[in-house]
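User: Please take me through this model by way of questions and answers. I should like each answer to set out its reasoning before it closes.

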Amino acid sequence: MRPLILSVAMTAVLALPLAAQVRPPDAGFPSGPKIDPAKARAYNPPKTADGHPDLEGIWQPRSGGAAYSILPHPAGFFLGAGSESGIVEGGELPYQPWAAERIKYLTQHMELDPTGHCHYEGIPHAMYFAFQIFQTPKQIAVLHENMHAYRIIYMDGTHPKDYLAWMGDSRGHWEGNTLVVDVANNNDKSVFDMAGHFHSDALHVVERFTLVDADTMSYEATLEDPKVFTKPAKLGFPLKRAPKDYELIESGCFEGERDQAHLPEGVATLPEGHYKK
Amino acid sequence: MRNRSAGFFFAAVTLLAQSVPRTSDGKPDLQGIWMSRNAAGFDVTEIAEGHEIPYLPEALEREQKGPRVDPIAHCAMPGVPRITYMPFPFQILQRPGYVVFMYEYMHDQRIVRTTPRDHLDGIDLWLGDSVGHWEGDTLVIDVTNLRPETWLDSARHTHSEALHVVERYTRTAPDTINYEATIEDPKTYSKPWKISMPLHRITEPGFELREQECSEGDNGRAIHPPYRPAPKS
């Protein structure tokens, strides 16, 4: 699979003029429907008045249980339906040795999951849940149903100084038909999933949104964190457009949540040996 | 003389109507970052007509017996109209058929459609169900399906689940929106009553909303059982 992607990317680079040197979305994701890179590159999406792809609509991720764990995981009470593939390329995260020890602890203590206490998920975690995009030339607003989370992707300006946030700070730009979003200012409290996959405040996420047909958008994110990972990790999944009559509805979270602290020991854990490292 | 001043008035109104900046679909452009600058979040009577709320006696009695802790202290969303006069900025974004409100406070949000539909059935929401439409240059939002737990302010002015709020947003100057809301609740008030206040644009260049998280460090230990019980000694 990898050599094919590389050769497709190389062909694209060689064949296209500089302004159109756009990396196509990958041929497929570990989970969900496959995307044909040739068709994806040939797709000419509807454009907004300022000439960029029109991403507006309600999008439903096909993230294969990523909210439970972004890595392959079995089915279970706290693990949803399970996923044989997960959404991370290669099926594992490049943890540094100390971090590989820590994740073993965290997966045995899923009651520590901050989203169980109604904290913001962070990026990319929030993207595993349905959202609606409202697009203007300088700002693209992404409003999620889950946790009534939202973020504004600014198409100008720079990341602020001395600011850390659960959802980070998002600055976007267009590379051909792909919206590329640079997410910095992430705090060290958000996590990638309920299983506890984690990062530090050095996390830097680069997201790529590409329409591949009228009702499908490819979502990819590169996760870079020199304090936790030995090298960047990559994840991705497709998003499907919701039917026209769909509306997002309010999801309040902090309505007197009292259950999580009472989870019996052992319920909220992943099995031993779940992680290769 | 009378005719002349009427003429001036007419000209001024026409000029104002023409000068309201409009979005591509011809609606008044309400976009930007706005904030109320008052203390209504602490006591809503500040912006109430006559500074009074026409309570029914039984509602006052219910209020006296009700909870004494402001729900927002537990990070509940503040409800409508309270979210509008919380002392935090909010951003309005308009797209054809939509007016989107993104509040800095507790990252609350309202996606308001301006195409008519019936209110939702059988569900209540912290920020209610909002259905919008334009009346001339005024954005009118009809809000029902509100939860009975929210308060109108920290002063414990309350309402029931029968609350029905009609909000009106009118841009009256480049940096001002006039906000009015009619508050109706036959289980709590003897008649509908009104609040009104200006919303001021934040004109500071480069101003952006920041994240405001409420459940952070809130609560857990104070109002819940310990996160992980300490070992018994």
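The exchange below turns to confidence, overall composition and strand pairing.

User: What does the model score in ipTM and pTM?
Analyst: This is a predicted model, in which local features need pLDDT (the predictor's confidence in each residue, from 0 to 100) of at least 70, side-chain atom pairs count only at pLDDT 80 or more, and totals for chains, interfaces and linings use all residues. Residues are numbered from 1 along each chain as its sequence is written, while chains are lettered from A and ligands numbered from 1 in the order in which they are written. The scores are ipTM 0.85 and pTM 0.86.

User: Over which residues of chain B does pLDDT stay under 50?
Analyst: Chain B has an average pLDDT of 87, and 84% of the residues score at least 70. One stretch has 15 contacts beyond four places in sequence, a contact being two residues whose C-beta atoms, placed from the backbone, lie within 7 Å. The stretch where pLDDT stays under 50 is residues 217–233.

User: How many helices and strands are there in chain A?
Analyst: Helices (H or I, at least four residues) and strands (E, at least two) are DSSP runs, numbered from the N terminus. Along the sequence, the pattern of chain A reads α-α-β-α-β-β-β-β-β-β-β-β. The count is 3 helices and 9 strands.

User: In what order do the strands of chain A close into a barrel?
Analyst: The barrel of chain A has 9 strands, and the pairing is mixed; two strands pair if DSSP finds at least two bridges between them. The order is 1-2-3-4-5-6-7-8-9.

User: Why is strand 8 of chain A largely enclosed by the rest of the structure?
Analyst: A residue is buried if 20 or more other C-beta atoms lie within 10 Å of its own, exposed if 12 or fewer, and partly exposed in between, with C-beta atoms placed from the backbone. Strand 8 of chain A is largely enclosed because its buried residues number 7 of the 9.

User: Which residue is the bridge partner of Asp213(A) in strand 8 of chain A?
Analyst: Strand 7 (residues 204–213) and strand 8 of chain A pair in the antiparallel sense over 9 bridges, and a hairpin joins them through 2 residues. The partner of Asp213(A) is Thr216(A).

User: Which residue in strand 9 of chain A stands opposite Tyr219(A)?
Analyst: Strand 8 (residues 216–224) and strand 9 (residues 233–241) of chain A pair in the antiparallel sense over 8 bridges. Within this pairing, Thr216(A) stands opposite Lys240(A). Opposite Tyr219(A) stands Phe237(A).
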